[in-house]
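Q: Could you take a close look at one part of this model for me? I'd like to see how the inside is packed, and what shows on the outside.

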Amino acid sequence: MSTIAFSNEKSPSQGLGYAAGTVTVLIWSTWFLATRHSAATPLGSIDIGLIRFGIPALVLSPVWLRTGLLPKGVPLHLLAIMVAGCGAIFFLVTTLAIHSTPAASSGILLGGSMPLATALIGILLFRERPDATRIAGLVAIVAGVLILLVRSLADASLPWTSFVLLPSGAVLWAGYTHAFRRSGLTAIQASALIAIWSFLIMAALALVFGISLPQAPLPEIGLQILSQGILSGLVAMVAYGTAVRTLGGTQAAAFTALTPVLATLGGGFLLGEQMGLAEISAAVITGIGVALSTGIAAKRR
């Protein structure tokens, strides 16, 4: 195992962080749709997990081969929280819920909960003190998510597991966000380690429970390779890590609140689903909340 070389260079500009956060939520909004779609195919959670983590583990193999699976200088508990928080455990918990929950509702319960869980962990465990502007942003995010949630509950009944598993996934992701920020790893190093460890976990589960990949049509496998392996597993992971490094954990996580908004707007404009005053109001309010909580609108000192 080699020792991680920690850089003392200045962080990239905040503009890069905002761009990375935007890329992340754009990819995540399509991830909900692709994961929900997989419920109607022969592909199971283990099959999709092998794709999601196998591709980035292969692409980033030069990185984790150089750092080692247990890189020196990175506390084991932080690495474990990172792998669980956005790797195999997070994936299995959220995929199970998404398969039985409409994509828009999944986006609300998971994407809307992420910034709140991240902010609360930062305040309670790490004594973070967000300023009034960012607190106002979080309040706006809560208001926007509640509007979408009430609308969703009025249209369809959701299984109780959705209200347990998806917020639990948000807490796992919040743990990853704070652990990564304190690990000293770069976004690419963290993505590589999470991918290889999660792939090994999925491979072990595949040996025990088997896989359905040979029975799945090639177009379905291709869709999951693009959505899960390349976009979500590789591009979004590096992009989110970049956002955390440049903006901070709580501010970067605030971008995830845009995921349910994009899912709602995408359903209205692209799929012809009903989009009324509630959806438009939620989009505007949550968008304002993200701007405030990420510090975009904060007064320069």
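A: Here's a walk from one helix into the core and back out to the surface. Keep in mind that the model is predicted: local features need pLDDT of at least 70, side-chain atom pairs count only at pLDDT 80 or more, and totals for chains, interfaces and linings use all residues. Residues are numbered from 1 along each chain as its sequence is written, and side-chain values use heavy atoms, with hydrogens and water left out.

Start with α4, residues 76-86 (helices are DSSP runs of H or I, at least four residues, numbered from the N terminus). Its buried residues (under 20% relative accessible area, 1.4 Å probe, protein chains only) are Leu78, Leu79, Met82, Val83, Ala84, Gly85 and Cys86. Their cover includes α2, α5, α9, α10 and α11.

Met82 turns up again in the largest nonpolar core, which has 63 residues (a core is a set of buried Ala, Val, Leu, Ile, Met, Phe, Trp, Tyr and Cys joined through side-chain atoms within 4.5 Å). Along with Met82, the members touching the most others are Leu110, Trp173, Tyr176, Phe180 and Tyr240. α11 supplies the largest share of this core, 8 residues. Apart from it there's another core, of 12 residues, including Ala206 and Ile221.

Zoom in on Trp173: leaving aside neighbours within four places in sequence, its contacts (heavy atoms within 4.5 Å) are Trp28, Gly85, Cys86, Phe90, Met114, Met237 and Tyr240.

Now for the outside. Val23 sits in α1, and at 35% relative accessibility it counts as partly exposed.

Key
Buried < 20%, exposed > 50% of the residue type's maximum accessible area, 1.4 Å probe, protein only. Helix = DSSP H or I, 4+ residues; strand = E, 2+ residues; numbered from the N terminus.
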